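This briefing is addressed to a structural biologist who wishes to review the fold of one chain and the interface between two others. The points below are grouped by topic.

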Amino acid sequence: MIAHKKRVGMEVSIAVSHAVQLARAEAIAAYPITPQTHIVEHLSSLVANGDLEAEFIPVESEHSALSACIGCSAAGARTYTATSSQGLALMNEILFITSAMRLPIVMTVANRALSGPLSIWNDHSDIMAARDIGWIQIFTENGQEAFDHSVMAFKIAEDHRVVMPTIVNLDGFILTHVVEAHELMDQETVDRFLPELKPYHKLDIHQPVTMGAFAMPELFTECKMAHQEALTNSYGPILEIWQEWGELTGRHYKPVETYRTEGAKIIIMMMGSLAEVAEAAVDAMRDQGIPVGLVKIRLWRPFPFADLRAALAGAELVVVCDRALSLGGAAGPVLAEVRSAMYPLAVKPQILGYTVGLGGRDVQPEAFEELVRHAQAEVKQGPSQEFYIYGVRG
Amino acid sequence: MSKAWDQVTWQEIEIGGVLTEPGSARAYNTGDWRSSRPVWDKTRCIKCGVCWTVCPEAGISEDADGYFDINTYCKGCGICVKECVTGCIKMVVEES
Amino acid sequence: MEKFGYAESSKFDTYASRMMPRDEFFTSGHRSCQGCGEALAVRWACKAIGKDAIIAHATGCMEIVSSGMPQTAWMHPWIHVAFENTSAVASGIEAALKVLKRKGKLKGPLPKVVAMGGDGGTSDIGLQSLSGALERGHNFTYICWDNEAYMNTGIQRSSATPFGAMTTTTPPGKRSFGQRTWKKDMVAIAVAHGIPYVATASPGYLFDLYFKVKKAVETPGPAYINILSVCPTGWRSATDLSVRLARLATETAVFPLFEVVDGKYRLTVEPPKIRPIRDYLKPQGRFRHLRDPEVEFIQKTVRAKYELLLEKCQAPFPEFSPVHVPEGI
C-alpha cells in the first residue's frame, strides 16, 4: 500500500535532518563544515527543543566526530553524523576502523572539493578519496532521493545480515542549499519500516566484550576477507530494503538507474545531481535523432557489477563523467571502475572518460552534447589521451 | 575460539573482530618467560600480602594457610622480592 | 595536611593488602614486559574502577599487550579505536548511555566511563580530543599511563619525557645531553579546564592510587589522573625496581602525589624529607650520561616546582568553587 503523500517545499538539508529525526537517531556528533552545516544545525535545534530524543555532541573536530560516533554506536545507540570535504578527509583514519568494527553508523556527505586550493564548492573528490573505506556508499540525485535514502540507510546499516556503516552522498550546495518539494513520511509509517536498533554487539557491563583487538599476520587477512564478503553480500539486503520502500512510497530505487537507454548506442554515465542536467541533454540529442541514453550509478559500494554490465549491454560508446581526478593516474575513479567492470566481457564498448564540474564549475546540458561529439571523434581517430578534463582553459 | 588461532577461517571471525570471552588471555601462560622465580621462606613470612599487591601479573596467589606463592603467570621480575616487608623472598634460578 | 596519608584512606597503611579486593579485571596472561610498572597500575586502577564500567583505550603499550586476537586480558567491556581519539570515543559512550537511559533502554545505574592512554596518546597526539572531552564536561575519567616516552614504538621521546632523559630520538651525543625540554605539565592543563577532579598517582603508592581512581570515577563530571608508570625497558632500570623507583619519584619530589578537587590542591603523600634527585636518577640508564651541571639544574628545578606546588596546596581557597553548574539553571 502506498503511504499517504504530502509534498512539502523545504531546503534539502532540512529534509535530510527531518529524515534523521523520523529515523529516531539517538546520538549525533558533528563538527561544522560548509556545506553540511544546515543539516546538523537543524538537528541540534530539534534536540534542543525536545523534538528528537537524542544526545548532540558538538565535538572539536571531525576526527573526534566520527570517533565519538564509534563510542555511541558501540554503546548501542542509533548514531548519525554529517560532514564534507576536509572534514571527511580528517576522518579518514577512523572511516576504515568504523567499518572494520562493523558499527552501523549513518553519515551524510555533502560532497565538496578537497583543498587545495581551498574550495567550498561541489565535486566528488572528498568521497572518492574515501572510496576504499569499506562502507556502503550511496549517491543521490535530488532532495527526495536524499530524504528517502537517509531513512533507508539506517535500516540497511543495522540489518543483521549487513551490520555496516553507510554513507549517503548528496552534492554540496547544488542539493544541500536548494529548496525542493519533498514527499515526507509520517512517523508511524517510518516506525513500522524502521524498527528499534538491535545492536549486533555492544559495550554492555552484563556481557562484556573486547572491541578493536589487534590482529597478527596469521589473522589479519581473514579479518579483511570477512569484511570484503560482508560488504559484497550487503547487496541483497540493500535491494530488499529499497524494494520495501518502493512498495511503501511508490518510489523505487535501483543500484544502477537508466534513462532512455532503449536502443541507445551511446551512453553517458555519472553519479549525483549532474544526472538531472544530463537528462535534459539526452532529451535534446534524442530529438536530433542521436541514439543516446543515460546510466547513473546509485550504489557505489558494493559496486553493482552485474547491473552495470546489463545497463551497458548494446552500447558502442560509453562516455563516463567523473567529478574527481585521480592525479597522475589513467582515469577518474568512476571511469576506472567502469572500465575494469567491462574489461572481462568479450564484446565491450569503447569507454572514454571526462572529468567535469570540479570545485563547483557549472556544467550546462550543452556540455554533454559536446562530450559526445568529442568522444565520437576521438574513437574514430584513436583516443589521444587516457582521459580528458572538460572545459579547462588554455 | 577452541581452534588454534592460526587455523581460524574468515567465516569464523566474529563480526567486527569482537572478542566475546572476557579475560581469555588467562589461556596464555606468561610463566614461560621466567628465568628465575621468587621463593618464600615461610618461617619469616607474616602473610601480609604486599607481594600479591605489587605483582604486575596478578602472578601471586594465596594458599589455604594464608601463605603466598607464585602461580603460572609469574614472569620473574623480582618486584615482590624488593618490596617484601620482612625480606623473606629470594630469587632462585629456574631449572629448565 | 596528612603526613604519609593516602587520599581518603587514612585507615589503610601498607599492611592493609589483605583488605583490598581480590577480583582481577586486568587479568593474568597479558604480555607486558617483566616488571612493568604500568601493568601494575592498570591492575589496581581496574580494581578501583569496579566491574560496572566501560573502558575506552588508546593505542599503546597497554592496548597491545592486552588485546591480541583472539585473546583479551580485559574483564570490562572494552574498546580500542585509534591512538589520538580515546577521549572522543569515551564522550560518545557516555552520551549514548545517557540517552539510552532516558529512553528506558538501559536499566540500573549508569555504568562508569573510563578512558585510558599513554603519555603520547594523552599529552601529544590525543591532547585535542582530551581537551574537547574535558571542556564539554562529559562524566568520565581519563587515566594517563605516563611512562614518559613512546615505549611501544621503541622508546622515542614524547612531550612527557623528562629533561635530560635519553630516548631513541633524544640520544645524548657531542651536541646533546638527551631531552632538552621539561616534562609537559598535563595536570596543570587538566586543571585549567575547570574540571572537578585531577590527581597524580603512581604504583609506588598503590593504595593512594586505588582511592584516587575510585574518587575520580565517583566524581560527577570529568576527572583526570596522571599515573607515573615505571618502564624498566624504556628507563633502562632493573625489573625489580619498578615500585621502588615510583616511590623514589615522590620521595625526591620529581613526581609529587596530590589531588586537585574542585580547583583546590592537596598533597596526598608528603615525604618527611625530600631526598636528593640523584637517588632517583642513578638507578635509571636513561639518565646515566648526565653530568653534574645537568643534574644540578634538574635538582634546582624540581625543588622550585615542588615549592610552588606546596604554595598552591596552602593557598586560601574560596568557599564557592565554580566547577559544577548548579541544578536548575
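Of the 329 residues in chain C of this predicted model, 61% are buried. Its contacts are weighted towards residues distant in sequence: pairs 24 or more positions apart make up 70% of those with a separation of 6 or more.

**Fold and dimensions of chain C**
- Chain C contains eleven helices and eight strands.
- The radius of gyration of chain C is 19 Å, close to the 20 Å expected from the globule rule for 329 residues, so chain C is as compact as a globular protein of that length.
- The C-alpha trace of chain C extends over about 65 × 55 × 40 Å along its principal axes.

**Interface of chain A and chain B**
- Chain A contributes 19 residues to the contact, and chain B contributes 13 residues.
- About 1500 Å² is buried between chain A and chain B, with carbon and sulfur atoms giving 75% of this area.
- The rule finds zero salt bridges across the interface of chain A and chain B.
- Two residue pairs are in polar contact between chain A and chain B, both at pLDDT 80 or more.

**The side of chain A that touches chain B**
- In chain A, β9 (210-211) and α8 (217-233) each supply at least two residues to the side that touches chain B.
- The element that gives the most to this side is α8(A), with seven residues.
- By class, the side of chain A that touches chain B comprises 13 nonpolar, two polar and four charged residues.

Notes: Residues are numbered from 1 along each chain as its sequence is written. Chains are lettered from A and ligands numbered from 1 in the order in which they are written. This is a predicted model: local features need pLDDT of at least 70, side-chain atom pairs count only at pLDDT 80 or more; totals for chains, interfaces and linings use all residues. Side-chain values use heavy atoms; hydrogens and water are left out. Contact means heavy atoms within 4.5 Å. Buried area is the accessible area (1.4 Å probe) that two parts lose on being put together, summed over both. A salt bridge is a side-chain nitrogen of Lys or Arg within 4 Å of a carboxyl oxygen of Asp or Glu. A polar contact is a pair of N or O atoms within 3.5 Å; within protein, one must be able to donate a hydrogen and the other to accept it, and residues adjacent in sequence count only if both atoms are side-chain atoms. Helices (H or I, at least four residues) and strands (E, at least two) are DSSP runs, numbered from the N terminus. Ala, Val, Leu, Ile, Met, Phe, Trp, Tyr, Cys and Pro count as nonpolar, Asp, Glu, Lys and Arg as charged, and the others, Gly among them, as polar. The radius of gyration is taken over C-alpha atoms; the globule rule is 2.2 Å times the number of residues to the power 0.38. Buried means under 20% relative accessible area, exposed over 50%, partly exposed in between (1.4 Å probe, protein chains only).
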